[in-house]
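I opened the notebook to look up a few backbone oddities, a helix pair and a ligand shell. The entries follow in that order.

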Amino acid sequence: MKKILVTGAAGFIGFHTSLKLLKLGKKVIGLDNLNNYYDPNLKLSRLKILQKSKNFTFKKIDLKDEKKLKKIFQTNKIEKVLNLAAQAGVRYSLINPKSYIDTNLVGFFNLIDLSRKYKVKHFVYASTSSVYGLTTKMPFKESSTTDHPIQLYAATKKSNELIAHSYSYIYKLPTTGLRFFTVYGPWGRPDMALFKFTKNILSNKKIEIFNFGDHSRDFTYIDDIVQGIVKSINKIPKRNKNFNFSHPKLAESSAPFTVYNIGNGKKVKLMKYISEIEKYLNKEAKKNYKQLQKGDIKDTHSNLQKIKKNLGYKSKTSVKKGVKNFLNWYLEYYKIKR
Ligand SMILES: NC(=O)c1ccc[n+]([C@@H]2O[C@H](COP(=O)([O-])OP(=O)(O)OC[C@H]3O[C@@H](n4cnc5c(N)ncnc54)[C@H](O)[C@@H]3O)[C@@H](O)[C@H]2O)c1
């Protein structure tokens, strides 16, 4: 039976997407190196849930390991690839830049090159809203420029889009890049704001609020992201012979290549996000206001016209509901009685 290879399957988005694909009756090969960028126990707990399905197989492999990666393609009929494995995080790219080159460039190359060698039907991969970099024209549209990334994380993701385009063009490998906007929800990442804020508020520690709280984000609930990913996997981009290269639209091509924003479509102030946590926990956060962090973008906001029109995507979850769902999961998972 044909299979979908999901990389980063033990990660936050990879876990939720694999779970959804399994519910839809798909066979999933989940790949992850289970690295310790954040607590690997959380990754193992996610995996335990996925492994309850007979249609799920797990491979502990590093994307850098081309030989082991190749074996997966040799021994399975991989129909589609969803590449979610990455060194994620904006701030960490100033601390350990090489890890971004290793996974997001070398690893990405290994995977896309095998995908074209083994004639995968669709290569879908995670990009990020961070590619919009210095662009301040909001909301960000796929056709906005992404030529001004402000940290290596964004630069590697932008490179992924460029590599994907070259493969789509020259090898006719259909590729779809997904620019996710600040994803949050149950089983979320410990290095991200919601997790850190919750942890500190519950243990009476101060929370760090950068740019003196003057940030806004298009916070996107995990179920909405998964909806967008699944819809994208199902829609294989086609060649467009009528593409006009004398007036080329950014993020479009004559090649079977496309890029989508997946967001909530709303700009929410950071302080409002924090107040939702405080309200639900019925506890005021001790706040430590700080300067803008190097590498941070001040605001993000997605324009969703393209994904709505092409894929029928609808974002459904409010920040109020999404934060509540996260907090319920957090309290239960860490067995915190209140
Ligand atoms: N969460 C967000 O808000 C967000 C926003 C924009 C883009 N993204 C992108 O979405 C994707 C998924 O993000 P996430 O939030 O689930 O992150 P995550 O860190 O929870 O998941 C990534 C997974 O990839 C694995 N991995 C890392 N390097 C690997 C390697 N060399 N080989 C094999 N596995 C490796 C990790 O162990 C981890 O389980 C990433 O590409 C990320 O850059 C996430």
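Is A251 buried or exposed? I count A251 as buried, with 23 C-beta neighbours inside 10 Å. My cut-offs: buried means 20 or more other C-beta atoms within 10 Å of its own, exposed 12 or fewer, partly exposed in between, with C-beta atoms placed from the backbone.

This is a predicted model, where local features need pLDDT of at least 70, side-chain atom pairs count only at pLDDT 80 or more, and totals for chains, interfaces and linings use all residues. Residues are numbered from 1 along each chain as its sequence is written.

**Backbone.** I found a positive phi of about 65° at A251, which is not a glycine. I also noted N204, another residue other than glycine, with a positive phi near 60°. N204 is exposed, with 9 other C-beta atoms within 10 Å. I then checked M138 and P139: a cis peptide bond joins them, omega about -10°.

**Helix pair.** I looked up α4 (residues 97–117) and α5 (residues 152–171); helices are DSSP runs (H or I, at least four residues), and strands are too (E, at least two), numbered from the N terminus. Their axes come within 10 Å and cross at roughly 15°. Axes are lines fitted to C-alpha atoms, for helices over the stretch in contact, and angles run from 0 to 180 degrees between N-to-C directions.

**Ligand.** I listed 27 residues around the ligand; G8, G11, F12, A86 and A126 come nearest. Near means a C-beta atom, placed from the backbone, within 6 Å. The largest share of the shell, three residues, comes from α1.
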